[in-house]
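Let us walk through this protein from the surface inwards. Please keep the model in view as you read.

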Amino acid sequence: MGSLALALALTACASSVRPASAPATRVGPALPAHWVRFRHVDGVVDLAGPRAGGSFVVAAAGRLFTMSRAGALTPFARGPGGYATALGPEPYITVAGQDRVAGTHCSFPSGTIFAMQPGGHPGVIAIGANGQARRFANLPGSPTGITADSTGRFGHMLLVTARQHAATAVLAIDCAGRVHPITTGAPAMEGGIAVAPASFGRYGGDLIAPNETSGRLYAVRPDGTVVTLAVSGLPHGGDIGVESAGFVPSGFGAGGAAYLADRYSPHNRHPGTNSILRLPGPQLIKAGARPGDLLVATEGSARTIVVHCASSCTVRYIAAGLATTHAEGHIAFTGQAG
């Protein structure tokens, strides 16, 4: 086991949530922008990417698709050995990078997609660029979020949050499928977790995760420390509060856009529209969002804030979806050519 993997494993004890050293300042409200329906997709629950070439991966109705920048959908990973999962759960997805994973002699294969597997045998499924799926790792609890560490503070590993009784485990998974606990005592976390870029002030390289019931945003450090990054100031509660997150990428401009899954959820206060939503780049820029900023949206109505962190952090309310919107998973972005 390499030095980083050993350090991660040694932090498996429960961690307490510490207050942020400088609480985020709320700014606004500003005139909000609007998420609009971009593409109808039955059962859509998450997006990942863009990958090389600009396409996204879309998780919907227990299957995967690729989606071009123009919105054209193509079934992916079908047939013998392909990917399929149960309808109903929230199998969020991510695409890992190709950097060497600390403490190992391997990296994640190019183009590999990783999907959470909830249910009675929780784990992570790997889907290769050839569409073949295999069980990659077993988890000690029901997964609630997944992302890849692109900055290296977590050793370029996969990061997964998993519910364990009254607490949340934050886990790092290396390219051999070995699971390393970061903490087993984090508060509830669910949805589109994301790793902050190095430019994100004192939280650069930390894992950022929302808590829908409290409206708080947490930063998890590689040593297992959990701090409150910001209080969203948005409505909070089950199926209502902050759910989706994503960082505005480097080079983002007026030709880019943000994308978000709006899942159909019958008998819910926010039943959703079975659509991928789009927030155009010009509206984001006008609202003050810049590369390196964090976007966070609520599950109910996709009320959206932008969080900017440098020496201190600010929170600004910038956008909303339809009243019926039921947002899920990550916020994904195109850059210039949206």
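How much area does the protein expose, and what share do carbon and sulfur atoms supply? The protein exposes about 12,800 Å², and 55% of it comes from carbon and sulfur atoms. These areas come from the Shrake-Rupley method with a 1.4 Å probe.

This is a predicted model: local features need pLDDT of at least 70, side-chain atom pairs count only at pLDDT 80 or more, and totals for chains, interfaces and linings use all residues. Residues are numbered from 1 along each chain as its sequence is written, and side-chain values use heavy atoms, without hydrogens and water.

Next, the overall build. The protein has 2 helices and 27 strands, counted as DSSP runs (helices H or I, at least four residues; strands E, at least two). Its C-alpha atoms fill a box of roughly 50 × 50 × 40 Å along the principal axes. Of the 338 residues, 56% are buried, meaning under 20% relative accessible area with a 1.4 Å probe, protein chains only.

Now the interior. The largest nonpolar core has 48 residues. Such a core is a set of buried Ala, Val, Leu, Ile, Met, Phe, Trp, Tyr and Cys residues joined through side-chain atoms within 4.5 Å. L64, F114, V124, I127 and F136 have the most contacts inside this core. Strand 15 (residues 167-173) gives the most to it, with 5 residues. Another core lies apart from it, with 23 residues, including A196 and V307.

Look at I127 last. Leaving aside neighbours within four places in sequence, I127 is in contact (heavy atoms within 4.5 Å) with residues including L64, F76, Y83 and A133.

Key: Buried means under 20% relative accessible area, exposed over 50%, partly exposed in between (1.4 Å probe, protein chains only).
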